[in-house]
Structures are given as structure tokens and as C-alpha cells.
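Work through the exercises below with the sequence and the model side by side, and try each task before reading its solution.

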Amino acid sequence: MDTPAQDSPVPDAPVRPSPATRVQWGRVGSLVGGQAAVQLGSFALLIAMNWTAVELGGTRAVTVLMLAATVPRALMLIFGGAVADTLGPRFVLLRTTAARVVLLTVGAVVTAGAHSLWPLVVIALIEGILLGLAGPASGVLLPMFARGEQLARANSLYAMVLRVAPILGAPAGAFLITVGELWVALVVGAVSGALWFGCLLHVTHGFVRPEPEPGVSLVKRSGDGFRLLAQNPRLRWMFIAALCLDLAFSWPAEVALPLLVSERGWGVSAVGIVLAAFSVGALGSSAVGAALAHRIPMFVRLVVTGVGLAAGILVMALMPSVTSLTVVAAGVGLLSGLNGPAIVTLYQQSAPEDRMGAAMSTLSLAGIGTAPLSIAVFSSLSLVLGIQTTWLLCGAIAFVSPVAAVMALRQPERVDAVEPAVTESPVPAAV
């Protein structure tokens with residue numbers, strides 16, 4: 001229930017896995033299944049909205065739409081972590097998900113009778129706010145159900161969903177626009193959100209609201225994520241590792257690849273082939289991680305793969321043919337499928353449990369907030385240095401990530417002052 005438990009000394013942590021199981025696969029399965037549904041719907045909707053914006057106003061309209069979606073989301077991530085820690089993930093996720101379902105349903109009705117850009121901008125703006133609030137709360141859940149080495153497996157399974165969603169969601173969105181109109185994609189997005197809401201009811205069943213901290217405002221707690229970085233060396237180094245890798249990879253993948261392909265006269269189909277190879281590689285290694293991540297040393301998953309990723313980014317810029325570029329992209333994807341979940345796992349294991357939402361908000365900022373910065377900075381540099389040289393510079397920056405990861409692993413692990421006192425939860429542990 002969402003009402004505070006008056007006699008419960010443990011806030012929002014009713015379902016810790018027992019030491020014997022170390023993981024509650026029932027809840028993890030519901031979480032991953034719900035995310036699969038909502039992410040597929042979200043990517044389909046993204047493609048449909050962008051294509052509609054192109055038809056309504058060309059490049060300028062798409063730019064306005066993307067800014068409306070991304071800027072509020074990035075800003076709300078700062079507050080989303082504080083909200084999740086203050087009110088609890090159940091409170092945040094159920095309300096933001098329900099509000100998003102209502103938003104997309106109303107949006108479908110409006111867009112069915114109006115062919116203009118402004119409804120899309122309003123929908124993107126409000127959805128960005130809701131997703132920004134919900135993001136850190138979603139990141140809090142897995143550490144509640146999987147502990148120790150099993151958390152790496154759960155994160156790899158979760159990463160598989162994020163890899164599959166764009167592969168299947170993008171063509172689905174194009175198909176929906178081809179056979180129907182935008183309102184159809186909005187309905188699909190609403191239905192997928194409703195499925196996620198149903199999964200959340202199971203995943204967060206039995207959660208209680210955290211007890212309020214006297215004299216601590218939500219505005220003050222919004223800075224907890226940055227205070228954690230200042231106080232916790234391991235988190236700080238892991239943040240740098242994630243930031244540098246995302247900074248180095250965003251521009252090559254989103255801007256430089258099509259430009260390089262065009263410059264070398266390989267044809268637009270080469271872009272799709274290379275990105276597909278990367279996605280398939282990442283999906284495959286995520287599947288391996290879901291089964292075996294707990295058996296692979298963290299140094300290998302984090303540092304060795306980080307070195308390989310940086311080297312792969314460098315080599316991609318030098319490949320003389322589509323075939324060689326595709327092979328290297330697949331290899332980079334394989335390494336990324338192990339490295340990404342490892343970063344998330346170590347970050348979650350190092351963050352204080354009562355500030356997990358704040359910690360996940362800053363980690364999300366390292367990804368979502370980095371893409372526009374990477375595109376702006378390296379696009380400007382490429383006008384002076386050229387595409388290939390700037391791409392090589394990105395690869396050099398990526399080598400900072402494994403160095404930072406080594407520094408993080410040298411720091412002491414998190415030791416909780418008080419281990420959760422609950423050995424029996426309000427709901428059965430085996431779900």
C-alpha cells in the first residue's frame with residue numbers, strides 16, 4: 001500500500017532476498033517483462049512521432065520535438081532521485097506510469113482530429129517530465145530483488161530488454177505510421193504502458209513508504225546525488241567511467257557514422273548494417289551475462305571490456321570497407337553488452353541503500369545528459385579536424401573509462417552501517 005506503515009522501522013524495503021536465494025526471479029521476471037512491453041511501445045512511438053514531425057515541419061520540427069522530450073527529462077532526473085528516495089519507488093512509479101497512460105490516451109484522441117505540431121510537442125514535454133521522474137525509481141528496484149553477485153545477472157537480463165527494444169520497436173513504429181496514423185502509435189504506447197503498470201503492481205507489492213526525515217526538504221535532497229559523488233570515491237570514479245564512455249560513443253554512433261559512410265560512398269544501407277551488427281553483438285553478450293555474469297570477474301567485465309571498447313571505437317574510424325567496419329562494430333557491441341551492466345552493478349553496489357534513487361539519477365545523467373553535449377562538441381570539432389580525426393579523438397577519450405574503472409575498484413566497497421533488520425517481509429519472499 002502507499003500509506004506509511006506506522007509500525008515498520010524499515011522504509012520501502014519489504015522484499016529483500018534471503019541469503020540462500022540471493023535473487024527473487026519472480027519479481028525480476030515481472031520487472032523485465034514489463035520493461036520489455038513499455039520499451040517496445042516507447043520506441044515505436046518515438047519513431048512514429050519523429051516521422052510525423054518530419055511531415056509537418058521538416059528538420060526544424062523534429063528538433064523542437066526532440067528538445068521538448070529530452071531537456072525536461074534530463075532536468076527532472078535531478079529531482080527524480082530525490083522523489084524516489086523520499087516517497088518510495090512504488091509511489092513514484094505507479095503514479096507516473098498511470099499519468100503517462102492517460103496522457104497517451106488523450107493524445108491519441110487529440111491527434112486523431114488535429115494535424116499540427118503543437119499536440120506532439122505538448123505530449124513530448126509532459127512525457128519527458130514523467131519519464132525523468134520515474135527513471136531513478138526504476139533503477140532502485142533491481143538491487144532490492146538481487147543481491148551480491150546475482151545482481152550482475154539481473155542487470156544483464158535487464159540490459160537485454162533495452163537492446164531488443166530499439167531493434168523491434170523502430171520498425172514497429174514505421175509500420176504503424178505506414179498502415180495507420182500517429183494516433184494508432186499513441187494507443188499502442190498507452191497499452192504498453194498499461195501492461196507495465198500491471199507488472200509494477202506485482203513488482204512493488206508490499207512496499208511501504210519511507211519515513212520522512214524531519215527538516216529535510218525535497219529541494220535539499222535533490223542534490224544528494226552530487227553530494228554522494230563528492231563523498232564516495234568509488235561512485236565518483238564510476239561516474240567518470242560512465243560519463244567518458246557515453247561522451248566518446250554518442251557522436252560517432254549518432255552523427256559521425258552516417259557522415260563517414262556518405263563520405264566514403266558506401267550507401268545509406270551501410271549505416272543500418274553496422275548499427276544492426278552492434279545491436280546483435282550487444283544483445284548476445286547481454287544474454288551471456290544474464291547466465292554467467294556472476295562467474296566472470298568484475299575486472300574483466302569492467303576494465304578489460306572498457307579497454308576493448310575504446311580500442312574498438314578507434315579502429316572503427318580506420319576501417320576501409322563496410323564488411324570490416326561491421327565486424328568491428330559487432331565486436332564493440334559484444335564488449336558493450338558486458339561493460340554496461342557491470343558499470344550499473346558496481347554503481348548500485350557502492351551506493352547507500354537509502355540514497356539509491358539519488359545515485360541512479362546521477363548515473364542516468366551521465367548517459368542521457370551526455371548525448372547532446374557529445375553531439376554539440378564533437379560536431380563543432382569535426383568542422384575543423386575532419387570526421388575521421390574527431391572520431392579518433394573520441395576513441396582516445398574512451399580510454400579514460402577503463403582507467404577510471406581501475407581507480408574505482410581500488411576504493412573500498414560500500415559497508416552499510418546498519419543491515420536491513422527485516423528477515424521476513426510483509427509478503428512472501430518467494431514470488
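The exercises go from the whole chain to its cores, its rings and a few single residues.

This is a predicted model, in which local features need pLDDT of at least 70 and side-chain atom pairs count only at pLDDT 80 or more, while totals for chains, interfaces and linings use all residues. Residues are numbered from 1 along each chain as its sequence is written, and side-chain values use heavy atoms, with hydrogens and water left out.

**Exercise 1. Describe the chain as a whole.**

Solution. Begin with secondary structure, taken as DSSP runs numbered from the N terminus (helices: H or I, at least four residues; strands: E, at least two): the chain has 15 helices and zero strands. Next, consider burial, where buried means under 20% relative accessible area, exposed over 50% and partly exposed in between, with a 1.4 Å probe and protein chains only; of the 431 residues, 48% count as buried. Then turn to contacts, defined by heavy atoms within 4.5 Å: among those between residues at least 6 apart in sequence, 87% join residues at least 24 apart.

**Exercise 2. Locate the nonpolar cores and follow the contacts of L302.**

Solution. A nonpolar core is a set of buried Ala, Val, Leu, Ile, Met, Phe, Trp, Tyr and Cys residues joined through side-chain atoms within 4.5 Å. The largest such core has 76 residues, and those with the most contacts inside it are L141, L302, M316, Y347 and W391. Helix 8, covering residues 233-263, gives the most to this core, with 12 residues. A second, separate core has 23 residues, including A61, A108, A124 and I177. As for L302, once residues up to four places away in sequence are set aside, its contacts are M238, N339, A342, I343, L346, A405 and L409.

**Exercise 3. Characterise the pair formed by W251 and F378, and then find which charged groups lie over F91.**

Solution. Rings of Phe, Tyr and Trp (its six-membered ring) pair if their centres lie within 6.5 Å, and planes under 30 degrees apart count as stacked, over 60 as edge-to-face and the rest as tilted. The structure holds three aromatic pairs. In the pair of W251 and F378 the centres are 6.3 Å apart and the planes make an angle of 45°, which is tilted. Because W251 lies in helix 8 and F378 in helix 13 (residues 370-385), the pair ties together parts that are 127 residues apart in sequence. Both W251 and F378 are buried.

For F91, apply the rule that a charge sits over a ring if NZ of Lys or CZ of Arg is within 6 Å of the ring centre and within 35 degrees of the ring normal. R95 lies over the face of F91 at 3.9 Å from the ring centre, and the charged end of R209 sits over the ring of F91, 4.6 Å from its centre.

**Exercise 4. Compare the settings of L104 and H294.**

Solution. L104 belongs to helix 2 (residues 89-113) and is buried, with a relative accessible area of 0%. Leaving out residues up to four places away in sequence, L104 touches L45, I123, E127, L186, G189 and A190; of these, I123 is 19 residues from L104 in sequence and 7.4 Å away in space, C-alpha to C-alpha. H294, by contrast, is placed in the loop between helix 9 (269-292) and helix 10 (298-316). H294 is buried at a relative accessible area of 19%, and with the same sequence neighbours left out, H294 touches E149, Q150 and R153.
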